[in-house]
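Visitor: I am new to this structure and would like a close look at one part of it. Please take the sheet and the pocket beside it, and go through them step by step.

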Amino acid sequence: MTELEKVEKLREKANVSFAEAKEALDNANGDILDALIYLEQQGKATIPAGGGCFSGVDAPAGDYQYSQNWEAHNKRRGETFSEMMKRFGRFLLKMFNKGNTNFLDATKGDSLMFSCPVTAAVVLLLFFFWVTVPLFIFSLFFGFRYRFRGEDLGKDSINAVMDGAANAVDDVKNSFAESANRADNGR
């Protein structure tokens, strides 16, 4: 950007004369933002409605305008950090409650082998992922089927996915069995 373009841009933003814009750019070593700040400090630039908004890092200590903007920002946002943490805590308690009222059941044939709260299954999955997932898949090859039971997760759509996984494993087992039979018959 040429010096003339910078002066023109600063004139538009600050509503000052060419001479004032050139002087501000000279004092700011050609930086438009620093020049605009310089003009505001000199009282020559028109301050935007609402006084602008500081990030808080470079705001002058005790700046009244900064304080007003910060309070207005907090009111617009609508909640403090502690309120946000309380809301997050309520969410975690709600999820914990749902996890303890819904169960993951493992069946083999018509008999229930074990049942555990979903919370326990999630904890096992999070902390022992590389053990839990292979055991889950391995158990499907031995005829185990998994279903969710409970008000929130005991839906047919969720259990249809679980049945689909078990059926896919059954298809793989049948495919291996057929391949083994063909290999035995071919000898």
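Guide: What follows goes through the sheet, then the helices that touch it, then the pocket. The model is a predicted one.

Begin with the sheet. It is open and has three strands in the order β2-β1-β3, with antiparallel pairing. Its edge strands are β2 and β3, each of which pairs on one side only. On average, neighbouring strands are turned by 25 degrees against each other, direction ignored. In general, the strands of a sheet pair through backbone hydrogen bonds, either parallel or antiparallel.

Next, the two pairings of β1. Strand β1 covers residues 103-108 and is joined to β3 by six bridges, the two running antiparallel. Along this pairing, Thr-107 stands opposite Arg-145 of β3, and Lys-108 has Phe-144 of β3 as its bridge partner. With β2, β1 also pairs in the antiparallel sense, again over six bridges. Here Ala-106 has Phe-114 in β2 as its bridge partner. The hairpin of β1 and β2 has two residues between the strands, and Gly-109 in this hairpin takes a positive phi near 70 degrees.

Now the helices against the sheet. Helix α6 packs on the sheet and touches β1, β2 and β3. The direction of α6 makes about 80 degrees with that of β2. Helix α8, residues 156-185, lies across β1 and β3 and runs at about 175 degrees to β3.

Then the pocket, which is the second largest and has a volume of about 430 Å³. Its lining consists of 18 residues, and those nearest the centre are Leu-104, Ala-121, Leu-124, Thr-132 and Phe-136. The elements that give two or more residues to this lining are β2 (111-117), α6 (118-127), α7 (129-141) and β3 (144-149). Of the lining residues, 16 are nonpolar and two are polar, while none is charged.

Helix α7 gives the most to the lining of this pocket, with six residues. It has 13 residues, and the distance from its first C-alpha to its last is 19 Å, close to the 18 Å expected at 1.5 Å a residue. An α-helix has 3.6 residues a turn, so residues three or four places apart point the same way. After α7 comes Gly-143, with a positive phi near 90 degrees.

To put the parts together: β2 and β3 are the edge strands of the sheet, and both are among the elements giving two or more residues to the lining of the second largest pocket. Helix α6 is also among those elements, and it packs on the sheet.

Note on methods: Residues numbered from 1 in each chain as written. Predicted model: local features only at pLDDT ≥ 70, side-chain atom pairs only at ≥ 80, totals over all residues. Heavy atoms only, no water. 1 Å grid on protein atoms, 1.4 Å probe; cavity = no way out; pocket = protein on both sides within 12 Å on 5 of 7 lines; lining within 4 Å. Points joined across faces, edges and corners; volume = space filled by probe spheres on them. Helix = DSSP H or I, 4+ residues; strand = E, 2+ residues; numbered from the N terminus. Nonpolar A, V, L, I, M, F, W, Y, C, P; charged D, E, K, R; others polar. Expected span 1.5 Å × (residues − 1). Pairing = 2+ DSSP bridges. Axes fitted to C-alpha atoms, helices over the stretch in contact; angles between N-to-C directions. Contact = heavy atoms within 4.5 Å.
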